[in-house]
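Biologist: I have the sequence and the coordinates open, and I would like to go through them with you. Please keep the answers short and show the reasoning.

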Amino acid sequence: MELDEYLPVLRRTNARFAEAAAAAALASGWRARVPGCPDWALADLVWHLSEVQLLWAWVVRTRASDPSGYRKPERKATDELLGFLAAASAELETALDGADPAEPVWTWAPRRDVAFVLRRQLQEAVVHTADVEQVLGDLRPVPADVGLDGIDEWLEVMVPGALPDGPPDGAHPVVLHAVDADAERTLFPGTRPFPIAALTGTAGDLLLSLWHRLPLEVLTVDGDGLQAAAMIDLVKL
């Protein structure tokens, strides 16, 4: 994805999250469990995304060099959650719209600029939108370019963050073949001469499987599926 594509997709994703959250609350109540985050109810999921977006809106708006000046909001009652979500999403979108992607800001990663925030907040919203859609029972496909970008971010940012010393001794390569993006990526490349398995599916399904939102059974597995799952589980986030 190009930098100028992130914000429009984030806006659409935020709108879908809000729509699905409202429908899920009406259909199942705020205590409905979230399959992708078993410890959370629907209210926890909506609060989490709202709070995350508010934090990063503050980081970008203030061009913060560290997070120490941020003041966390108080948890809202369930009847206030959707309004708080709308305000947080709007604040994040406005802050990102008014910032140069190259501007330096604090992040928790080695890359510290607004461009990192743009990408991370899009992918945060994409995965949590899948969460709320699963509560609603209406999981929609992730667009191929968004899914592939999410796979790239997982490999480029999340894997090194979880494994700063590199792949452990027992690591094996796992090939990820995104059929709708006509692209292949590899987890733990070079650790062995041959991959332990190849996983084939849409970019979105691969992404959600990496984030443990979908089981590997939704993919076509060529090779040792149990070992492929074990390799993904090495990346603890």
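Biologist: Is Arg61 buried, partly exposed or exposed?

Modeller: Bear in mind that this is a predicted model. Arg61 lies in helix H2. Buried would need under 20% relative accessible area and exposed over 50%. Arg61 has 45% relative accessibility, so the class is partly exposed.

Biologist: Which residues does Arg61 contact, leaving aside neighbours within four places in sequence?

Modeller: Contact here means heavy atoms within 4.5 Å. With the neighbours within four places in sequence set aside, Arg61 is in contact with Glu91 and Ala95.

Biologist: How many Å apart in space are Arg61 and Gly170, C-alpha to C-alpha?

Modeller: The two residues are 109 residues apart in sequence. From C-alpha to C-alpha, the separation of Arg61 and Gly170 is 43 Å.

Biologist: Trp56 is also in helix H2. Is Trp56 buried or exposed?

Modeller: The limit for buried is under 20% relative accessible area. Trp56 has 6%, so Trp56 is buried.

Biologist: What does Trp56 touch, not counting residues up to four places away in sequence?

Modeller: Ala87 is 31 residues from Trp56 along the chain, and their C-alpha atoms are separated by 13 Å. The residues that Trp56 touches, not counting those up to four places away in sequence, are Leu92, Trp106, Thr107, Trp108, Val117 and Gln121.

Biologist: How many salt bridges are found in the whole structure?

Modeller: The criterion is a side-chain nitrogen of Lys or Arg within 4 Å of a carboxyl oxygen of Asp or Glu. A search of the whole structure on that basis gives 16.

Biologist: Arg16 and Asp138 meet in a salt bridge. How many residues apart in sequence are the parts that this pair ties together?

Modeller: The side chains of Arg16 and Asp138 come to 3.1 Å, N to O. Arg16 is in helix H1 (residues 3-28), while Asp138 is in the loop between helix H4 (114-136) and helix H5 (144-162), so the parts tied together are apart in sequence by 122 residues.

Biologist: Of Arg16 and Asp138, which counts as buried?

Modeller: Buried means under 20% relative accessible area. Asp138 has 29%, so Asp138 is partly exposed. At 11% relative accessibility, the buried partner is Arg16.

Biologist: Where in the chain do Arg63 and Glu103 lie?

Modeller: Their side chains meet in a salt bridge at 2.7 Å, N to O. The pair links distant parts of the chain, 40 residues apart. Arg63 is in the loop between helix H2 (42-62) and helix H3 (78-97), and Glu103 is in the loop between H3 and H4.

Biologist: What is the relative accessible area of Glu103?

Modeller: Its partner Arg63 is partly exposed, with a relative accessible area of 29%. Glu103 is partly exposed as well, and its relative accessible area is 24%.

Biologist: Which residue forms a salt bridge with Asp152?

Modeller: The closest N and O atoms of this pair are 2.5 Å apart. Asp152 lies in helix H5 and its partner in strand E4 (residues 183-187), so the bridge ties together parts 33 residues apart in sequence. Asp152 is buried at 14%, whereas the partner is partly exposed at 27%. That partner is Arg185.

Biologist: Which residues do salt bridges with shared partners join into one network?

Modeller: The pair of Arg16 and Asp138 is part of the network. Its full membership is Arg16, Glu19, Glu133, Asp138 and Arg140.

Biologist: Glu153 is found in helix H5. Which residues does Glu153 touch, not counting those up to four places away in sequence?

Modeller: Glu153 has 2% relative accessibility and therefore counts as buried. Not counting residues up to four places away in sequence, Glu153 touches Arg119, Arg120, Gln123 and Met158.

Biologist: For the chain as a whole, what is the radius of gyration?

Modeller: The chain has seven helices and six strands, and 49% of its 237 residues count as buried. A compact globule of 237 residues would have a radius of gyration near 18 Å, and the chain agrees with that, at 18 Å.

Note on methods: Residues numbered from 1 in each chain as written. Predicted model: local features only at pLDDT ≥ 70, side-chain atom pairs only at ≥ 80, totals over all residues. Heavy atoms only, no water. Helix = DSSP H or I, 4+ residues; strand = E, 2+ residues; numbered from the N terminus. Buried < 20%, exposed > 50% of the residue type's maximum accessible area, 1.4 Å probe, protein only. Rg over C-alpha atoms; globule rule 2.2 N^0.38 Å.
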